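Let's take a walk through this protein together. Have a look at the picture, and then we'll start with one small detail before stepping back.

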Amino acid sequence: MNYFNLFSLPQIFNINEELLIKNFYELQKKFHPDKLINSSTNLLSKMNNKIIIINKGYKILKDPINRAEHLLYLNNFIVDKKSYLYVEKSFLIKNISLFEKLETIIKEKENNLALSNFINKIVLKKDKYLNKLIYLFDLKKFKSIKSILIKIKFLQNLISKAEIIKEKNNNL
C-alpha cells in the first residue's frame with residue numbers, strides 16, 4: 001500500500017503535514033462506518049477496513065521515522081532486523097557506550113536530571129541524523145538513507161528506554 005497515494009501527497013520525505021491532516025480528516029468523514037449504520041454488514045466491514053488502512057497510513061506518514069521507512073519500502077529497500085547487521089562497527093562501538101552510560105545513570109539514586117540530560121543529548125543526535133535524511137531523500141540516496149535510518153531507530157530505542165525509566169522514577 002502506498003500511503004502517499006492514499007492521502008494524495010507527493011512521494012517525498014518532507015511532506016506538507018497540514019495537507020496530510022486535512023486529507024486524513026476528509027478520508028475519515030468519507031469512509032467512517034458511523035455514516036452507514038443502516039447498511040449491510042458487508043459494506044460496514046469494508047468501511048471498517050478502509051478506516052483501519054487510513055489510520056495506519058496517517059500514523060506512518062505523521063512520524064518521520066516511519067515515513068522514511070515507508071519511502072524506503074516503496075523504493076525496494078527493506079529495513080528489517082537483518083539490516084542492523086550492516087551498521088558500521090564504529091557507530092555500534094561508539095553508541096553501545098551510551099547504553100552503558102544509561103545503566104550507570106539508572107544505578108544513581110537521584111538520576112532524573114541526569115536522565116533528562118542524557119535524553120536531550122540523544123535527541124539532538126537523532127535530530128542531526130533526521131536532518132541528514134532530508135538531504136539524502138532529495139538526492140534519492142536510498143542505500144545511505146537505510147544506513148542512517150537504522151542509526152536513528154537505534155537512538156530512538158535508547159531514548160524510549162530512558163524515558164520509560166524516567167517515568168518509573170517520577171511515579172515512585
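**Starting from one side chain**

The side chains of Asn2 and Gln11 meet in a polar contact at 2.7 Å. Keep in mind that what you're looking at is a predicted model.

So where does Asn2 sit? You'll find Asn2 in the segment before helix H1, which covers residues 3-6. Its side chain also reaches toward the backbone: a polar atom of the Asn2 side chain lies 3.1 Å from the backbone nitrogen of Asn5. If you set aside the neighbours within four places in sequence, Asn2 is in contact with Gln11, His70 and Leu74. Is Asn2 buried or exposed? Its relative accessibility is 17%, and buried means under 20%, so Asn2 counts as buried.

Now hop over to helix H4, which runs over residues 64-74 and holds Arg67. Here the relative accessibility is 4%, so Arg67 goes down as buried too. Which residues does Arg67 touch, once its neighbours within four places in sequence are left out? There's quite a list: Phe4, Ile12, Phe13, Ile15, Glu17, Ile60, Leu61 and Lys62. Phe4, by the way, falls within the 3-6 stretch of helix H1.

**Stepping back**

Time to zoom out. How many helices and strands does the protein have? Seven helices and zero strands. Reading from the N terminus, the order of elements is simply α-α-α-α-α-α-α. The radius of gyration is 20 Å, well over the 16 Å that the globule rule gives for 172 residues, so the protein is more spread out than a compact globule. To put some dimensions on that, the C-alpha trace spans about 60 × 45 × 30 Å along its principal axes.

What about contacts along the chain? Take the contacts between residues at least 6 apart in sequence: 68% of them join residues at least 24 apart.

As for the inside and the outside, 35% of the 172 residues are buried, and you've already met two of these, Asn2 and Arg67. The accessible surface of the protein adds up to about 11200 Å², and carbon and sulfur atoms account for 55% of that.

One last thing to look at is charge. The protein has 31 positive and 16 negative charges, and the mean positions of the two sets are 6 Å apart.

Key. Residues are numbered from 1 along each chain as its sequence is written. This is a predicted model: local features need pLDDT of at least 70, side-chain atom pairs count only at pLDDT 80 or more; totals for chains, interfaces and linings use all residues. Side-chain values use heavy atoms; hydrogens and water are left out. Helices (H or I, at least four residues) and strands (E, at least two) are DSSP runs, numbered from the N terminus. Buried means under 20% relative accessible area, exposed over 50%, partly exposed in between (1.4 Å probe, protein chains only). A polar contact is a pair of N or O atoms within 3.5 Å; within protein, one must be able to donate a hydrogen and the other to accept it, and residues adjacent in sequence count only if both atoms are side-chain atoms. Contact means heavy atoms within 4.5 Å. The radius of gyration is taken over C-alpha atoms; the globule rule is 2.2 Å times the number of residues to the power 0.38. Accessible areas come from the Shrake-Rupley method with a 1.4 Å probe; for residues, only the protein chains shown count as cover. Lys and Arg count as positive and Asp and Glu as negative; His and the chain ends are not counted. The place of a charge is taken as NZ of Lys, CZ of Arg, CG of Asp or CD of Glu.
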